[in-house]
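Got the structure open and not sure where to begin? Let's take a walk through it together, one piece at a time.

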Amino acid sequence: MAPKARTVGIKPKSQTFKDKSKPTDVRMSNIQAAKAVSDAIRTSLGPRGMDKMIQAGNGEVSITNDGATILKQMNVLHPAAKMLVELSRAQDVEAGDGTTSVVVIAGALLEACEKLLQKGLHPTAISDSFQRCSNKAVEILTQMATPIELTDRETLIKSASTSLNSKVVSQQSSLLAPIAVDAVLKVTEPGKETSVDLKNIKVISSLGGTVEDTELIDGLVFTSRSAGTNAPKRIEKAKIGLIQFCISAPKTDMDHNVIVSDYAAMDRVLKEERSYILNIVKQIKKAGCNVLLVQKSILRDAVSDLAQHFLDKIKCLVVKDVEREDIEFVCKTLHCRPIASLDHFTAENLVSAELVEEVASGTNKFVKLTGIQNMGRTVSIICRGSNKLVLEEAARSLHDALCVVRCLVKKPFQIVGGGAPEIEMSLQLAAVAQTVEGVDAYCFRAFADALEVIPSTLAENAGLNPIATVTELRNRHAQGEKNAGINVRKGAITDIYAENVVQPLLVSVSAITLATETIRSILKIDDIINTFS
């Protein structure tokens with residue numbers, strides 16, 4: 001009988017099993033998810049871009065082609081796709097415009113990364129190389145830029161118009177662009193151009209009329225109508241008081257009640273209430289106040305019916321329930337401090353204005369204060385629209401135009417649009433790719449090709465042949481025509497600077513740097529770990 005074979009136990013070198021395909025799968029999954037987000041909004045790029053109808057879970061519908069708005073309302077689940085939503089939001093905060101472009105560039109760069117990874121390049125090498133590409137691209141953009149003067153109103157209007165051309169309200173850009181320029185220049189403090197705060201521009205949406213009825217008001221506007229039926233609706237040479245106390249009878253604490261058992265006591269309570277309110281109204285009259293702004297109170301009525309009756313008698317126009325968050329804006333505009341108690345309600349704490357009147361605008365009534373003495377650096381815009389969808393999109397478009405002007409105030413350089421800067425960057429980076437060695441040569445080439453997505457998409461959305469258009473555009477730039485771009489109105493390649501299609505340098509620089517940063521973050525991820533929290 002043959003001896004039994006002995007099995008020798010061979011101890012494995014490593015106890016843990018390492019799946020080498022997992023990091024690759026995770027990376028590809030992230031790239032595919034992020035590309036899906038980019039492809040979803042690619043069609044809304046440019047003046048001929050399509051709009052998206054967004055239907056919220058509560059039945060609310062909005063129509064827009066603003067990249068940041070679309071992505072903000074999109075239900076995105078994949079963590080890498082969420083990074084592109086955050087990217088769009090970051091661009092909105094930094095520049096206010098180019099929110100679609102930045103996501104489209106990011107999508108094209110991810111596609112380039114996918115091809116480079118398939119060639120066997122290491123993610124870290126690609127990431128570092130892309131950072132060098134980004135720095136070089138920003139250099140190229142800066143060389144292309146032309147400086148502008150903030151006193152040159154026409155140039156600022158051209159940039160604001162370019163931003164509005166891709167919106168639903170593009171027909172009204174000749175009206176909205178000057179409004180945006182004047183509003184930003186009004187709130188810009190000399191010497192503090194880098195810190196323009198758009199919160200000093202109050203945009204009020206009012207349903208009714210058309211977008212052409214939108215107006216800029218050099219003063220203050222309250223969305224509520226004036227209180228009282230017999231009160232005056234128009235006051236010239238107004239003396240305005242902003243108060244934070246209520247003109248109504250005091251109330252007990254939340255969980256206390258006062259029980260009155262007989263009529264004599266009831267009469268005494270009413271008499272005290274009357275004399276208490278009369279005392280306040282007399283003090284208001286003594287100070288010479290004829291326009292009263294009352295902060296909203298959550299504990300009791302800001303102005304009681306009895307107080308309103310007395311205020312009507314002294315011909316005082318009352319705007320009650322001024323929102324708490326609006327108080328700061330009102331104080332900044334009127335250059336005053338709110339009056340917190342009756343003792344401080346004196347003539348020197350009041351503000352003078354030429355005219356205070358109640359005006360009708362569409363279905364609403366506003367109280368408008370103009371000719372304010374020693375007015376602060378603020379401005380109000382009443383935005384109009386025939387229906388809710390148009391009105392919301394007009395307000396969003398106006399915000400984008402305001403952001404573009406703010407960019408030019410922060411960094412007074414502009415570059416041409418129409419895909420010209422992207423093609424120029426692409427050509428120059430491709431030339432650099434010829435001079436570098438190793439991984440950089442591949443990455444510079446891939447980065448250069450990816451930037452062609454912007455002119456290609458612009459041509460595609462305008463109904464042109466993308467390959468023929470981009471080839472001709474590349475040819476024109478190779479011959480030294482740096483301002484050649486896609487003119488979507490004429491459907492041809494023209495000198496885009498002569499067509500006044502210009503944009504702030506800050507928008508393009510921010511788009512390239514932010515997109516590259518996001519791509520580098522996605523590339524460095526090699527695993528997704530779920531936690532129990």
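What follows is a tour of some helix pairs, two sheets and a salt bridge.

One thing to keep in mind from the start: this is a predicted model. With that said, let's begin with a pair of helices. Helix H1 covers residues 21-42 and helix H3 covers residues 79-94. Their axes come within 7 Å and cross at roughly 40°. Angles under 35 degrees would count as roughly parallel and 65 to 115 as roughly perpendicular, so H1 and H3 are oblique to each other. As for the handedness, H1 passes H3 in a right-handed crossing. Who does the touching? On the H1 side you'll find Asn30, Ala33, Ala34, Val37 and Ser38, and on the H3 side Ala80, Ala81 and Leu84. Sorted by class, that contact has six nonpolar residues and two polar ones, with no charged residues.

Next up is helix H5 (residues 123-144), which meets helix H13 (residues 439-450). Here the axes come within 9 Å, and the crossing angle is roughly 55°. That angle makes H5 oblique to H13, and the crossing is right-handed. From H5, the residues that join in are Ala125, Ile126, Ser129, Phe130, Arg132, Cys133, Ser134 and Lys136. They meet Val439, Asp440, Cys443, Phe444 and Phe447 of H13. Which classes do the residues of the contact of H5 with H13 divide into? There are eight nonpolar, two polar and three charged residues in it.

Now look at helix H6, residues 153-164, and helix H11, residues 388-410. Their axes come within 9 Å and cross at roughly 140°. Only angles over 145 degrees count as roughly antiparallel, so H6 is oblique to H11. H6 passes H11 in a right-handed crossing. H6 brings Leu156, Ser159, Ala160, Ser163 and Leu164 to the contact, while H11 brings Ser397, Leu398, Asp400, Ala401, Val404, Val405 and Leu408. By class, these residues come out as eight nonpolar, three polar and one charged.

Stay with H6 for a moment and turn to charges. Side chains of opposite charge can pair when their charged atoms come close. The structure holds 24 salt bridges. One of them joins aspartate 182 to arginine 153, with the closest N and O atoms 2.8 Å apart. This pair links distant parts of the chain: arginine 153 belongs to helix H6, and aspartate 182 sits 29 residues away in helix H7 (residues 173-187).

Time for the sheets. One is an open sheet of six strands, in the order S6-S11-S10-S7-S8-S9, with mixed pairing. Strand S6 (219-222) and strand S9 (317-322) stand at its edges; each has a single partner strand, so one side of each lacks a neighbour in the sheet. On average, neighbouring strands here are turned by 35° against each other, direction ignored. Inside the sheet, strand S10 (residues 351-361) pairs with strand S11 (residues 364-372) in the antiparallel sense, over eight bridges. If you'd like a spot to zoom in on, try glutamate 358, which stands opposite valine 367 in S11. And the sheet has a helix packed on it: helix H10 (residues 327-334) touches S6, strand S7 (234-243), strand S8 (291-295), S9, S10 and S11. The direction of H10 makes about 150° with that of S6.

The last stop is another open sheet, made of three strands in the order S3-S13-S16 with antiparallel pairing. Which strands stand at the edges? Those are strand S3 (146-147) and strand S16 (502-504), each with a single partner strand, so one side of each is left without a neighbour in the sheet. Strand S13 (residues 413-416) runs antiparallel to S16, and three bridges join the two. Glutamine 414 is a good place to look, with proline 504 as its bridge partner in S16.

Definitions and conventions: Residues are numbered from 1 along each chain as its sequence is written. This is a predicted model: local features need pLDDT of at least 70, side-chain atom pairs count only at pLDDT 80 or more; totals for chains, interfaces and linings use all residues. Side-chain values use heavy atoms; hydrogens and water are left out. Axes are lines fitted to C-alpha atoms, for helices over the stretch in contact, and angles run from 0 to 180 degrees between N-to-C directions. Helices (H or I, at least four residues) and strands (E, at least two) are DSSP runs, numbered from the N terminus. A crossing is left-handed if the near helix is turned anticlockwise from the far one by less than a right angle, and right-handed if clockwise. Contact means heavy atoms within 4.5 Å. Ala, Val, Leu, Ile, Met, Phe, Trp, Tyr, Cys and Pro count as nonpolar, Asp, Glu, Lys and Arg as charged, and the others, Gly among them, as polar. Two strands pair if DSSP finds at least two bridges between them. A salt bridge is a side-chain nitrogen of Lys or Arg within 4 Å of a carboxyl oxygen of Asp or Glu.
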